[in-house]
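Please look at the sequence and the structure shown below, and follow the strands and helices in turn as the text leads through them.

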Amino acid sequence: MGTDPRTRYAEPDQQEPQSQDHPGHSGAMDPEPDYGEKSYRGSGKLTGKRALITGGDSGIGRAVALAFAREGADVMISYLEAEETDARETCRLVKEAGRTARSLAGDIQDEQHCRHLVDRCVEELGGIDILVNNAAYQMSQNGIADISTDQFDQVMKTNVYAMFWLCKAALPHLAEGSAIVNTTSIQAYEPSPNLLDYATSKAAILNFTKGLAQELAPRGIRVNAVAPGPVWTPLIPATLPADKVGEFGADTPLGRAGQPAELAPLYVFLASDDSTYVTGERIGATGGRPLP
């Protein structure tokens with residue numbers, strides 16, 4: 001008998017109302033997210049690959065880093081300086097899997113830092129085969145009147161500009177068989193008024209993915225995206241009101257938030273040769289909320 005997807009992880013009534021200062025930390029969450037430490041089993045799908053993952057310190061990024069390492073890839077993660085503790089834990093998990101782990105702190109809102117990330121990855125891992133644009137910023141507001149220009153800039157630069165800069169910098173180093181995997185969101189299709197700027201950025205990511213995929217297909221490079229619904233990561237208590245955190249994920253057909261460990265296999269699929277005929281697409285992981 002298979003696992004009941006409704007009860008595999010904590011339901012919303014098992015989540016305490018909680019809040020953290022941005023960017024949030026994994027160890028302070030209750031319950032702490034599942035990154036696949038005890039469940040993910042690799043089978044060599046990414047042997048010899050070299051991956052750069054933004055936002056790799058916690059959340060979906062950590063789960064992807066762990067899964068990639070257990071599939072045989074060396075990993076470099078980017079993160080904010082305030083996330084140093086979480087980044088060290090991700091690197092520990094990658095090394096525990098027997099792979100090389102590298103990390104670089106800094107703000108991907110800066111174009112020069114994005115170029116530096118790619119240069120360091122090539123220098124320290126010997127190249128780059130997989131780029132995962134996963135880092136994101138959001139901050140809940142009551143409506144458009146409360147979204148400042150500074151916040152709008154931070155959302156767009158972190159979520160969209162950085163993806164553009166990183167893809168542009170990585171492209172000269174990507175050979176046939178390489179893959180780019182972007183993180184979009186259900187918000188690209190069902191924008192919440194309190195996340196208007198974030199939703200707008202996620203729609204841009206989806207469109208960018210489709211367009212870049214068409215450009216790079218003749219070169220044998222694939223570009224795809226994952227569209228998560230509500231996923232239990234440090235971004236949630238750090239950016240949503242505490243009362244919303246307590247009921248996070250309750251509005252999905254499965255009745256709960258997803259866990260990073262449930263998302264990581266999708267990134268492995270899109271980065272590996274299992275998906276060589278898939279490009280310009282997105283895979284939804286929304287707990288049953290339908291995407292068009």
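Three bridges connect strand β1 (residues 50-54) with strand β4 (residues 130-133), and the two run parallel; helices (H or I, at least four residues) and strands (E, at least two) are DSSP runs, numbered from the N terminus. Within this pairing, Ile53 has Val132 of β4 as its bridge partner. This is a predicted model, in which local features need pLDDT of at least 70 and side-chain atom pairs count only at pLDDT 80 or more, while totals for chains, interfaces and linings use all residues. Residues are numbered from 1 along each chain as its sequence is written, and side-chain values use heavy atoms, with hydrogens and water left out.

The wider setting is an open sheet of seven strands in the order β3-β2-β1-β4-β5-β6-β7, with parallel pairing, where two strands pair if DSSP finds at least two bridges between them. Because β3 (101-105) and β7 (282-285) stand at the edges with a single partner strand each, one side of each is left without a neighbour in the sheet. From one strand to the next, the twist averages 15 degrees.

Helix α1 (residues 59-70) lies across β1, β2 (74-79), β4 and β6 (222-228), and runs at about 170 degrees to β1, whereas helix α4 (residues 149-170) lies across β1, β4 and β5 (179-183), at about 175 degrees to β4. Such angles run from 0 to 180 degrees between N-to-C directions, with axes fitted as lines to C-alpha atoms, for helices over the stretch in contact (heavy atoms within 4.5 Å).

In total, the protein chain has eight helices and seven strands.
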